[in-house]
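Biologist: I would like to learn how to read the features of a model like this one. Could you take me through them in turn?

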Amino acid sequence: MDLHLTDALATEDERDALDSLLGPPATRWEGGARASGGEAHVAHGGHAARARRHLLLPALHALRDRVGWLSPGAVNYLAQRLTVPPADIYGVASFYALFDLEATPPTVVHLCDDIACTTRGASELIAACERAHGPEGRPCAGGGATWKRSPCLGLCELAPAALIQRAGAGREHATMAPADAGAVADALAGRPVEPRAARALPQQGETSLRLLARVGVADPSSLEDYRRHGGYRALARALEIGPEGVIHEVVAARLVGRGGAAFPTDVKWRAVAGAAARPRYVVCNADESEPGTFKDRVLMEDDPFAVVEALTIAGFAVGADQGWIYIRGEYPEAHQRLAGAIARARQAGLLGRDVLGRAGFHFDVELRRGAGAYICGEETALFNSIEGYRGEPRNKPPFPVSEGLFGKPTAINNVETLANVLLVLAEGGEAFASVGTEGSRGPKLLCVSGCVERPGLYEVAFGVTLRALLERAGGVRGGRPLRAALIGGASGSFVTAEQLDMPLTLEGTRAHGASLGSGVVLVFDDRVDLEAIVLRIARFFRDESCGQCVPCRVGTVRQEESLRRLAAGRADRGAETVLLAELDRAMRDASICGLGQTAAIAVRSAVDRLGLFSGARP
Ligand SMILES: Cc1cc2nc3c(=O)[nH]c(=O)nc-3n(C[C@H](O)[C@H](O)[C@H](O)COP(=O)(O)O)c2cc1C
Ligand code: SF4
Ligand code: FES
């Protein structure tokens with residue numbers, strides 16, 4: 001393959017960052033020294049080189065973590081190491097918000113300006129930051145740092161939130177929440193910052209908790225503690241009843257996915273288990289980038305062994321010997337906890353060959369970090385991202401169960417779905433299904449944030465109403481009137497105070513023209529500028545569209561433009577409403593994936609249900 005390298009050379013540091021990950025180059029073809037005269041006549045490439053392509057994303061992270069950005073020399077060297085043309089590497093690197101292709105200071109502080117943070121002081125924090133440190137993206141703190149705005153960082157219950165990316169050997173990324181101007185100044189100056197508040201779990205200590213029973217109770221770094229609190233009993237039972245028995249329990253549980261699409265888990269698992277092609281894979285979708293969602297983060301940070309155990313059970317059920325966890329790049333603490341859990345499980349024989357002593361059951365897990373792209377939560381975009389390509393969704397069919405990761409049968413599940421699998425096995429499928437409503441079974445995690453007294457992660461039995469949930473969360477902050485709630489995140493819809501008796505179930509939200517999605521309940525009082533919130537949602541979709549298909553690429557831009565005209569009072573509301581409806585229809589009908597299909601839902605509900613952008617500010 002002709003790589004078209006430029007003259008730019010990697011620095012020693014950059015070469016070392018890549019060699020530490022990939023091992024030293026074996027030949028001149030891979031950027032090393034020529035070993036013998038014959039080497040020049042032997043082509044390097046083909047299958048062996050393609051098999052290493054999936055190392056591209058970890059390699060980009062290795063460079064970013066070491067030097068802060070991806071220089072032309074580093075890209076050249078990486079191109080040689082993986083036999084991928086530099087243009088292709090640029091294509092991938094430029095897809096992700098957390099990678100920079102221009103020289104960037106070693107410290108970058110990302111300040112969330114998304115929905116929940118806006119209701120809790122983010123705009124004031126950003127304004128203070130601008131005054132103290134200059135405009136977004138410019139070097140500050142003597143050139144050693146810069147700050148940027150960010151979409152939701154998945155810390156909404158602790159808003160306002162910040163992510164600190166630090167480059168240099170041995171330096172680690174961290175999050176900060178709640179963040180304040182002083183802490184941001186410390187982070188920019190390279191001074192130590194206080195460890196982040198762990199989580200907000202208002203129900204902590206309640207004996208009814210099942211999914212969250214170990215959170216804040218068991219030491220997330222200790223396998224022994226995990227086992228003391230019931231860990232690995234579900235896997236033992238799975239091994240006892242066999243793969244068919246596991247799927248049978250999941251059928252009885254009537255478990256549906258918690259990642260947003262509510263697809264029956266057993267249908268997916270059975271299809272993969274029955275697929276002829278080998279190998280098969282199981283994937284845990286830990287990308288969690290839907291604004292307002294933070295449930296998976298809490299599970300991964302505070303119960304990481306549960307994720308590993310549940311993925312092992314999934315692998316056993318479908319006959320996979322390799323599992324992957326794809327976690328969003330903005331979750332450094334969860335990444336660290338999961339990496340620790342995987343390593344400890346491996347040491348204890350709970351991953352690897354003959355898992356838990358079961359002869360012939362080999363299963364291991366690979367952890368992959370995303371790099372700031374909401375679309376990579378879409379299952380096929382996620383596969384492309386792992387494989388080292390741009391995170392663009394694929395056309396479906398073929399579906400992942402027949403052609404998923406690396407083109408092989410794949411069962412992909414959300415973190416919370418997998419956490420439920422442990423309960424299904426521990427309690428039995430029927431007992432699991434006895435909780436909830438006719439159409440929605442089992443427990444559900446709800447991410448409550450915004451203008452409430454006690455934001456946090458709540459575990460409820462399916463069926464609780466929005467009113468009851470708000471009461472549990474202490475009601476609207478300061479006793480103010482409820483203006484609206486956004487159910488399901490940016491791809492969900494606004495509901496009003498008249499809909500407080502809506503049951504938070506799949507069918508209950510549907511009946512009210514909403515969707516539970518990933519379990520977001522974002523609350524707004526009468527003082528929030530909801531038009532600004534809707535504009536933020538429109539900007540989010542414009543930014544996050546992968547650009548692959550026209551209805552979404554163009555539609556998300558046109559939608560935002562129309563809303564801006566309306567907000568500025570420069571438009572004929574009737575004509576703009578017709579335009580917004582047409583854009584919605586085009587995106588819904590003709591987009592390749594769920595991003596484009598849902599990009600107009602919140603906007604439409606804001607215009608139709610809340611009467612926003614009418615010129616009369618509430
Ligand atoms: C734009 C978009 C983003 C998504 N993001 C996530 C995500 O962050 N986490 C997740 O589990 N599922 C996400 N999904 C849904 C996945 O495609 C897939 O349905 C899910 O991982 C399946 O797991 P489940 O059946 O356990 O819910 C997203 C879908 C779309 C269209
Ligand atoms: S709908 Fe949007 S995000 Fe999805 S493939 Fe098309 S352009 Fe990409
Ligand atoms: S962390 Fe800021 S909106 Fe979620």
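Modeller: Start with domains, whose bounds come from an automatic or database domain assignment. The model is predicted, so local features need pLDDT of at least 70 and side-chain atom pairs count only at pLDDT 80 or more, while totals for chains, interfaces and linings use all residues. Residues are numbered from 1 along each chain as its sequence is written, and chains are lettered from A and ligands numbered from 1 in the order in which they are written.

Biologist: Into which domains is the protein divided?

Modeller: The assignment gives domain 1 (12-93), domain 2 (107-188), domain 3 (223-433), domain 4 (443-523) and domain 5 (530-608).

Biologist: Where does ligand 1 lie with respect to the domains?

Modeller: Ligand 1 lies between domain 3 and domain 5, because both give residues to the shell around it. A residue is counted as near a molecule or strand if its C-beta atom, placed from the backbone, lies within 6 Å of it. Ligand 1 is surrounded by 22 residues, and the closest are Gly257, Gly259, Gly377, Asn414 and Gly594.

Biologist: Which secondary-structure elements supply the shell around ligand 1?

Modeller: Elements are DSSP runs numbered from the N terminus: helices are H or I with at least four residues, strands are E with at least two. Strand 8 (410-414) and helix 23 each supply at least two residues of this shell. Strand 8 provides the largest share, 3 residues.

Biologist: How do I read the chemical make-up of the shell around ligand 1?

Modeller: Ala, Val, Leu, Ile, Met, Phe, Trp, Tyr, Cys and Pro count as nonpolar, Asp, Glu, Lys and Arg as charged, and the others, Gly among them, as polar. On that scheme the shell around ligand 1 has 6 nonpolar, 10 polar and 6 charged residues.

Biologist: Which residues are closest to ligand 2?

Modeller: Of the 14 residues that surround ligand 2, the closest are Cys546, Cys549, Cys552, Cys593 and Gly596. Helix 21 (550-567) and helix 23 (594-598) each contribute at least two residues to the shell around ligand 2. That shell divides into 8 nonpolar, 5 polar and 1 charged.

Biologist: At what angle do helix 20 and helix 24 cross?

Modeller: Axes are lines fitted to C-alpha atoms, for helices over the stretch in contact, and angles run from 0 to 180 degrees between N-to-C directions. For helix 20 (residues 530-544) and helix 24 (residues 601-608), the axes come within 9 Å and cross at roughly 155°. Angles under 35 degrees count as roughly parallel, over 145 as roughly antiparallel, 65 to 115 as roughly perpendicular and the rest as oblique. Helix 20 and helix 24 are therefore roughly antiparallel.

Biologist: Which residues of helix 20 and helix 24 meet?

Modeller: Two residues are in contact if their C-beta atoms, placed from the backbone, lie within 7 Å. Leu530, Val534, Ile537 and Ala538 in helix 20 meet Ala602, Val603 and Ala606 in helix 24. This contact has 7 nonpolar, no polar and no charged residues.

Biologist: How far apart are the axes of helix 4 and helix 5?

Modeller: Helix 4 (residues 72-82) and helix 5 (residues 86-93) have axes 9 Å apart and pack at about 115°. They are therefore roughly perpendicular to each other. Val75, Asn76, Leu78 and Ala79 in helix 4 meet Pro86, Ile89 and Tyr90 in helix 5. By class, the contact has 6 nonpolar, 1 polar and no charged residues.
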